[in-house]
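Biologist: I'd like to learn how to read a sheet and what packs around it. Could you walk me through one?

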Amino acid sequence: MTENTIWWGDTNRPMTPEQFETLHQAFLAHMKGKDLFVQDLWGGSDPEHRVAVRTLGEYAWHSLFCRTMLVRPTDEELPSMAPQFTIINLPSFKADPATMGCRSETVIAVNFSKGLVLIGGTEYAGENKKSVFSILNYLLPEKGIMPMHCSANIGDDGDVAIFFGLSGTGKTTLSADSTRTLIGDDEHGWSDDSVFNFEGGCYAKLIRLSPEAEPEIYATTKRFGTIVEN
């Protein structure tokens, strides 16, 4: 499915189906006997362009992260949700580069044919949401939708402002304007009809965060359910 449609290189590294299957079986063996935390969530807030995602992980706080950062289904939607992609995150798993086609003991592998993401050897919670972003980055351009690493807000007259930039350069800060409504602070899609958030939460950097410079963002660090990751 992706052999001829991905820009393979130093960033996007290929893995053969056989290597992925070896990795998958090792993940299944590593999961045996463990308590895992499961969430069924949406990747994307636009009902026409979202994907159903199931997350399974070793850490409860990773599960809370996913529940906060992705879009929660309604009580009516949940019983009929069938995951299009499953993300398995096992921080205690160590990959074998010699047999699994990866470069180190840490691995993030996406198989679009199987609808499966395998994350191992890292405790960084952001890999969960970044995996969903990667999925939408691949799927949405074929539908004429531009995925964007940006923040966005909207004015009273329906005018949308988009803020592009590398991580840590001020997207969240600029979009948190008290005179405008926040659409989202990190990942969006631009369709013919709207600019829509891929997520349901905010993902702010904490470096040099202060109540004087960024009062709205700082206030969230004191709220129940906020995850502060070092």
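Modeller: Sure, and keep in mind that this is a predicted model. Strands of a sheet pair through backbone hydrogen bonds, either parallel or antiparallel. Here five strands make an open sheet with mixed pairing, in the order 1-2-3-5-4.

Biologist: Which are the edge strands?

Modeller: Strand 1 (37-43) and strand 4 (107-111), as each of them pairs on one side only. On average, neighbouring strands of the sheet are turned by 15° against each other, direction ignored.

Biologist: How many bridges join strand 2 to strand 3?

Modeller: Five, and the two strands, residues 51-57 and residues 85-90, run parallel. To find your place in that pair, look for Gly57, which stands opposite Asn89 in strand 3.

Biologist: Now the helices. Which strands does helix 1 touch?

Modeller: Helix 1 (residues 17-31) packs on the sheet and touches strand 2, strand 3, strand 4 and strand 5 (116-120). Its direction makes about 65° with that of strand 5.

Biologist: And where does helix 4 lie?

Modeller: Helix 4 (residues 126-139) lies across strand 1, strand 2, strand 3, strand 4 and strand 5. Relative to strand 3, helix 4 runs at about 150°.

Biologist: Let's turn to the surface. Which residues form a nonpolar patch there?

Modeller: Met146, Phe164 and Trp190, with about 360 Å² of accessible area together. You'll find Trp190 in strand 9 (residues 187-190).

Biologist: Why does Trp190 count as partly exposed?

Modeller: Because its relative accessibility is 43%, and partly exposed is what lies between buried, under 20%, and exposed, over 50%.

Note on methods. Residues numbered from 1 in each chain as written. Predicted model: local features only at pLDDT ≥ 70, side-chain atom pairs only at ≥ 80, totals over all residues. Heavy atoms only, no water. Pairing = 2+ DSSP bridges. Helix = DSSP H or I, 4+ residues; strand = E, 2+ residues; numbered from the N terminus. Axes fitted to C-alpha atoms, helices over the stretch in contact; angles between N-to-C directions. Contact = heavy atoms within 4.5 Å. Patch = residues over 30% accessible without salt bridge, like charges linked within 9 Å, V, L, I, M, F, W, Y side chains within 5 Å. Areas by Shrake-Rupley, 256 points an atom, 1.4 Å probe, with all protein chains shown as cover. Salt bridge = Lys/Arg side-chain N within 4 Å of Asp/Glu carboxyl O. Buried < 20%, exposed > 50% of the residue type's maximum accessible area, 1.4 Å probe, protein only.
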